[in-house]
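Load the model in your viewer and set it to cartoon. We will go stop by stop, with a selection at each one.

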Amino acid sequence: MVADHQSPDLDLDADNSSGAGDPHHQTVFTAGGPAVAIADSDSQITDPNGEPIQSATVTLTNAQNGSAETVSLTAAGFALATSLGIVATTQSSGTVLTLSGNATEVQYQQLLTEVVYNNVVNGPSEGTVRQ
C-alpha cells in the first residue's frame, strides 16, 4: 500500500508576532526604504511525509507597479542557497522566485527568512495589501 503524498505546510510567522494570524506574516514596506522580509524569523515548514523539500516558489500575486515590484533573495540568502546546492531563479517580471534543490525543512525555512519584497517606484500604490 502506498500512502498519499501530502504537500508540506507553511507558516510564515509561527508565533504570530506580526499580528497576521496563521499561516501569514505581515510587515510594512516604506517607499524609498529597504526591501522587507516576507517571512518572520520563526517561519516553519512541516512536511508530513518527512521527505526532503525539492523546491519552493514564492509568487507576488497582486503587484500594482509592474516590474518595479520584486521578490528576491538577499545576498546572504543567495550565498546560503549556493552553499546548499539550491538554485534560485527569478522570472523576468521579478514577481516569481523559484528555489530548486533538495534540502531539509530547516534549510528551506532559513532560505524563506532571506526572501524579500521590494518596490523601486518612489510613490508606490498605497493602501493595497500585497500577497
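**The whole chain**

Colour by secondary structure: the protein chain has 2 helices and 8 strands. Keep in mind that this is a predicted model. Trace the chain along the sequence and the pattern reads β-β-β-β-β-α-β-β-α-β.

Now turn on the surface. The protein chain exposes about 7600 Å². Carbon and sulfur atoms supply 50% of that area. Of the 131 residues, 29% count as buried. Take contacts between residues at least 6 apart in sequence: 70% of them join residues at least 24 apart.

**Stop 1: the nonpolar core**

Hide the surface and show side chains. Which residues have the most contacts inside the largest nonpolar core? Select Val-58, Leu-73, Ile-86, Leu-97, Leu-99, Tyr-108 and Val-115. The core itself has 20 residues. Several elements give two or more residues to it: strand S4 (53-59), strand S5 (69-73), strand S7 (96-103), H2 and S8. As a general rule, nonpolar side chains in soluble globular proteins tend to be buried together.

Centre on Ile-86. Leaving out residues up to four places away in sequence, Ile-86 touches Ala-81, Leu-99, Ser-100, Gly-101, Ala-103, Tyr-108 and Leu-111. Two of these partners, Leu-99 and Tyr-108, you have already selected.

**Stop 2: Leu-112 in helix H2**

Move to Leu-112, which sits in helix H2 (residues 105-112). Is Leu-112 buried or exposed? Its relative accessibility is 6%, so Leu-112 counts as buried.

Show its contacts next. Beyond its neighbours within four places in sequence, Leu-112 meets Leu-10, Ile-38, Ala-39, Ser-43, Ile-45 and Val-58. Then draw a C-alpha to C-alpha distance from Leu-112 to Ala-56: the two are 9.1 Å apart in space and 56 residues apart in sequence.

**Stop 3: Asp-40**

Select Asp-40, in the loop between S2 and strand S3 (44-46). With a relative accessibility of 17%, Asp-40 falls under the 20% limit, so this acidic position counts as buried.

What does Asp-40 touch, not counting residues up to four places away in sequence? The partners are Leu-12, Asp-13, Asp-15, Ser-17, His-25 and Thr-113. Add Gln-109 for scale: from Asp-40 to Gln-109 is 9.8 Å, C-alpha to C-alpha, across 69 residues of sequence.

**Stop 4: Pro-23**

Go to the loop between strand S1 (9-11) and strand S2 (36-37), and pick Pro-23. Pro-23 is partly exposed, at 35% relative accessible area.

Show what Pro-23 touches, again setting aside residues up to four places away in sequence: Leu-10, Asp-11, Leu-12 and Asp-13. Leu-10 also appeared among the contacts of Leu-112, and Leu-12 and Asp-13 among those of Asp-40. Pro-23 and Ser-43 are 20 residues apart in sequence, with 9.0 Å between their C-alpha atoms.

**Stop 5: the aromatic pair**

How many aromatic pairs does a search of the whole structure find? The search finds 1. Select Phe-29 and Tyr-117: their ring centres are 5.3 Å apart and their planes stand at 85°, so the pair is edge-to-face.

Zoom out to see what the pair links. Phe-29 is in the loop between S1 and S2, while Tyr-117 is in strand S8 (residues 115-119). The two are 88 residues apart, and the pair joins distant parts of the chain. Finish on Tyr-117, which is buried at 10% relative accessible area.

Definitions and conventions
Residues are numbered from 1 along each chain as its sequence is written. This is a predicted model: local features need pLDDT of at least 70, side-chain atom pairs count only at pLDDT 80 or more; totals for chains, interfaces and linings use all residues. Side-chain values use heavy atoms; hydrogens and water are left out. Helices (H or I, at least four residues) and strands (E, at least two) are DSSP runs, numbered from the N terminus. Buried means under 20% relative accessible area, exposed over 50%, partly exposed in between (1.4 Å probe, protein chains only). Contact means heavy atoms within 4.5 Å. Rings of Phe, Tyr and Trp (its six-membered ring) pair if their centres lie within 6.5 Å; planes under 30 degrees apart count as stacked, over 60 as edge-to-face and the rest as tilted. Accessible areas come from the Shrake-Rupley method with a 1.4 Å probe; for residues, only the protein chains shown count as cover. A nonpolar core is a set of buried Ala, Val, Leu, Ile, Met, Phe, Trp, Tyr and Cys residues joined through side-chain atoms within 4.5 Å.
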